[in-house]
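Work through the exercises below with the model open. Try each task before reading its solution.

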Amino acid sequence: MMMLYLPFILVIVLVHCYGVVIINDEEVCNDATNTISNIRVPNDCKLVMAPSNIGGWGVFTLSPFEKGESVIDDGDVIIHISDTNTQHAHKMKRLIWDYLWDGQESNGHYEGISRVFTASTGMGTLCNSGTLNNHNLMHTQQQSVDDGGLTRGKSPGAGATTHHYNSTFLLTRNVEAGEELLLQYGDGWLKERGFDGDTTLSQKKKLLELRETGYCLDNNISSGQSLIKDAGRGAFSTRQLDEGSIIAPVPLIPLSRSSLEMIKERQDGSIVRSTQLLLNYCFGHTNSSLLLYPYSHHVNFINHNSISPNAKLRWWQESYSYFNRSMLELQQSSSSQLMLELVATRTIEKGEEIYIDYGEEWERSWLEHVKSWHPRKEDLQLISAQMMNNDNSYNILPTHREQQQQSRKPYPTDVFTSCYYHYLPFKKSSGSTSQSSTPTKSVVEWKNGMIASRNLRPCIILDREKTTDDDKYIYAVQAMNRPTLDEKDRIPKGHVHIVTRVPRHAIVFSDKTYTTDQHLEGSFRKEMSLGSLFPTQWKDLIPVK
């Protein structure tokens, strides 16, 4: 994602012009009708983004798939958006309303206090919703989590990228070629938009139509460790990409820069102002309050290279009609017609990393950040929940009493234990005469089937006992509430809820709220610049002279 600045080298390439469009009051050659540039769906493509009869874009198959199969090799990038600023959240209304997921479903449980949303940047955003009985794709809640080599205290890039990626989706039934892939957003989501539970939302399309109108999603880009120092993960070509070919579609969701401002209240009562990590994944311009959030398969992995980029962005020809709309109209519009295309500027060999130029201002900001960055002692000594979950010395967990007595090595101050447990409210028996509907204490046994992402909650380990297998233990814990739990899942205040026979695999270590890398103070934040592609009409901020 980052590369050191070297003098700019001007390369002149002669191209045929297939029409002229106006951007920033200038006539610009539009090569969108170039035959080579319109090879958007290779013969071996199995998955396309194409117009949906539901509205906007959708994801369609060009080959049949079987139930339980993953339709795409690498899963989505996951970006957590926590505790949005209530004064400005309406300026990202469309993003929240139509595209974000509940953070409880994607390991965002402790990233905020009031509410955590999740941007699932590929299939989770591209796919439309089906009804309860009319969907064919499910989110598995499985993902990879690591720092991408940007270790806190060792890299200036720590906190600048998400740790969550490869979030996978599986088919819930056999799917024929030409079908649209539909997730299940929830009955509430559909009802709010006027759909009833029996509505058939999508129809099968002809493969020729999909090839003519679609963009390939599945066989151009894969992810891996970037070749650039302090960049984290990057995007790599999975086949040879010819000069002028479209690598990926890049749909955009407009939002306001101010909507990404955060005001965080720490547990000690102190207030910290910061910026959402999502800013680093948005396009914009220094003279505009408008940001454009891009989503598509793996485009969020594409890193910066100002010296030798091998790809560029250009506007999709249908987007020009939106340039004269006000920013408020753009932010509130439900249209999906605002889109860029990622195009190869030279032949890109199979396995080669794909780069674009983020702009001079982004590069200057990054170099200034690197120059001023220095490791802090507390960062070098950090032990995270992820490290502890990967440490076999914690296979047998100490009880709370042992921790207090320090008979086992104490946990770091920013790490605690969480349990997968689904709380069911206590029901008063029919013969009870107590005025209270909830006892002060209850004891229940852990049941299979409770390991689901939204069931994670803090817990205190009270006791352990060996099972018939000499190497394994089960635990008795006190289940607690976490801040972002739904009201129906909360244990009543003052009630002690004990859960017995909890297996070790149902207990994990978690980081305290606001202590993960994405909340690291002083971490790099800067949007990518669209430069001359950014329309003059959207430049509402007067540059400082």
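The exercises cover enclosed space, an open pocket and aromatic contacts.

This is a predicted model: local features need pLDDT of at least 70, side-chain atom pairs count only at pLDDT 80 or more, and totals for chains, interfaces and linings use all residues. Residues are numbered from 1 along each chain as its sequence is written, and side-chain values use heavy atoms, with hydrogens and water left out.

**Exercise 1. Describe the largest cavity.**

Step 1. Fix the term: on a 1 Å grid over the protein atoms alone, a cavity is a set of points where a 1.4 Å probe fits but cannot get out, and lining residues have an atom within 4 Å of a point.

Step 2. Count: there are 6 cavities of 30 Å³ or more.

Step 3. Take the volume, the space filled by probe spheres set on the points. The largest cavity has about 270 Å³.

Step 4. Inspect the wall. It has 25 lining residues, with Tyr-281, Val-299, Asn-300, Phe-301 and Ile-302 nearest the centre.

Step 5. Sort by class: Ala, Val, Leu, Ile, Met, Phe, Trp, Tyr, Cys and Pro are nonpolar, Asp, Glu, Lys and Arg charged, and the others, Gly among them, polar. The lining of the largest cavity gives 16 nonpolar, 7 polar and 2 charged.

**Exercise 2. Do the same for the second largest cavity.**

Step 1. Its volume is about 50 Å³.

Step 2. Its lining consists of Arg-94, Leu-252, Pro-254, Tyr-322, Leu-330, Ser-333, Ser-335 and Leu-338.

Step 3. That lining splits into 5 nonpolar, 2 polar and 1 charged residues.

**Exercise 3. Characterise the second largest pocket.**

Step 1. A pocket is an open set with protein on both sides within 12 Å along at least five of seven lines.

Step 2. The second largest pocket has a volume of about 1100 Å³. Of its 40 lining residues, Val-145, Ala-385, Gln-386, Asn-389 and Asp-511 are closest to the centre.

Step 3. Its lining divides into 13 nonpolar, 19 polar and 8 charged residues.

**Exercise 4. Classify the ring pair Trp-315 and Phe-323.**

Step 1. Rings of Phe, Tyr and Trp (its six-membered ring) pair if their centres lie within 6.5 Å; planes under 30 degrees apart are stacked, over 60 edge-to-face, the rest tilted. The structure holds 18 such pairs.

Step 2. The centres of Trp-315 and Phe-323 are 5.1 Å apart and the planes are at 70°, so the pair is edge-to-face.

Step 3. Extend the view: ring pairs join Trp-315, Tyr-320, Phe-323, Phe-534 and Trp-538 in a cluster.
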